Amino acid sequence: SAILFSDCSFSSFEGWFLGLGTLQNCTGVIDTCVIRDCFALDGLAGLVVGGGSLEMRECIIENCATLEPDRGALVLSGNHTVIDTVFRNNYCGMGSALTCSGGASVLRCSFVNNFAFGGCWPGAGVGAGVEGDASTVIQDSLFVGNTASGHFWGCGPSGEGAAIYAPGALVQRCTFVGNESQAQAGNPAAGATVIAGTVEGCIFQNETPFAFDPSVTTVSYSLVPGATPGSGNITGDPLFWNPAAEDFKLRPGSPCIDTGDPNHPLDSNGSQADMGAYPHDPSYSPEAQNYCTAKVSAAGCVPHIGLVGLPTLGTPFAITADSVDVGRFGILVLAMSSDSIPFFGGELCLGSPYLRGPAVSSGTGAGPCDGLFSTGISMGLLGPAGFQPGDDLFAQYWYRDPSAPQPIGLSDAIRIGLIQ
């Protein structure tokens, strides 16, 4: 039967053996849907699809759980495809986010903070992200913070395959960060975070206790921890833009650029494939992030710093602060790192050394806090200080506040990723 769900939400389903429901021998599309908060007391937590050829795309599957160590949020049997879908915070015994068999393909998906817990029988505590078989193909996907755990009673196997447990599967151009296979007291040692057949063009960082077993999984053209047998493998810092904000795109200068598998399709710019889930995009600029707390001025103003324009080193852009006291002079202070230091009754948000911009005026306005600072940023200012594309620029405004007990005003701060 043909089936099409679009822009749907399935939430808060509970059952004894099945949390959400079952689809059999279906062909069609599930598009931009949400499966959330499904629970099974002693069975499968979410949606089960058996047979057919279903495509799921741009969906969110999160917070599904089982009380007993059984399978998880989405269970596929057959030639199904999952595209651009996010699996987050699912909690089951095996295949917590996704269980698939019989030819499933996973493309451009994200698996974040899923948990597989062990039981007192074989098979539990594996595949917090994906549990699959030798027919499974996983490409261009992100695995972050997934955990496979041994049972706390000390019975049964230890956790393994925290990100992927799919013996014999093909894994290409994926990024793995901070996944962990755990063993509890009395259990044997935990296994690798990725159990697969062939891994090509991937990035591994901070995997515990180890990313893969070379005697089981063939790895090539990947960034790996330490010396690993296989063609084209490298080590080092992949230079993600901002892992703390789950931005795992590659900065300029990353060793993963143009060093992926030469047999994979070329990147959009015609160069050799990059490693990892996200090909390097020279025009990509990460979203600027405000941090720190502005100091309230004597007049009650709370200055707020911001970015105007694209932060390229080739074309000038501006860093501004609004809600500033009118009639004030100040300077924009720049740095290559952040900090948090008590400073004139407020917070100094930059790490030394500092680069000071020219003095600027906040001008006039209808109200006491309608002032605005604006400073143009160009290569002429940043170049001599050693800034390059791919660097982070940290900025904060300091200005005179003569009526305050400690007469220095301070804006909040901003972190900006510089591009070419």
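The exercises below concern a predicted model of a single chain.

**Exercise 1.** State how many helices and strands the chain has, and what share of its residues count as buried.

*Solution.* Begin with the secondary structure: the chain has 41 strands and one helix. Next take burial, where a residue must fall under 20% relative accessible area. By that cut-off, 51% of the 420 residues count as buried. Finally, turn to the surface: about 16800 Å² is exposed, and 55% of this comes from carbon and sulfur atoms.

**Exercise 2.** Determine what share of the contacts between residues at least 6 apart in sequence join residues at least 24 apart.

*Solution.* Restrict the set to contacts between residues at least 6 apart; of these, 69% link residues at least 24 apart.

**Exercise 3.** Assess the confidence of the model, and find where the pLDDT is below 50.

*Solution.* The average pLDDT of the chain is 88, and 87% of the residues reach at least 70. Residues 15-19 have a pLDDT below 50. Beyond near neighbours in sequence, that stretch still has 22 contacts in the model.

**Exercise 4.** Describe the largest nonpolar core and the surroundings of I164.

*Solution.* First, the size: this core has 44 residues, and I164, F176 and F204 have the most contacts inside it. Second, the elements: β4 (21-31), β7 (47-57), β10 (74-77) and β14 (98-101) each give two or more residues. Of these, β7 gives the most, with four residues. Third, I164: leaving aside neighbours within four places in sequence, I164 contacts V130, I138, F143, V171, F176, T193, V194 and I195. Last, a second, separate core has 21 residues, among them F317, V360, L381 and L382.

Methods
Residues numbered from 1 in each chain as written. Predicted model: local features only at pLDDT ≥ 70, side-chain atom pairs only at ≥ 80, totals over all residues. Heavy atoms only, no water. Buried < 20%, exposed > 50% of the residue type's maximum accessible area, 1.4 Å probe, protein only. Contact = heavy atoms within 4.5 Å. Areas by Shrake-Rupley, 256 points an atom, 1.4 Å probe, with all protein chains shown as cover. pLDDT = per-residue confidence, 0-100. Core = buried A, V, L, I, M, F, W, Y, C linked by side-chain atoms within 4.5 Å.
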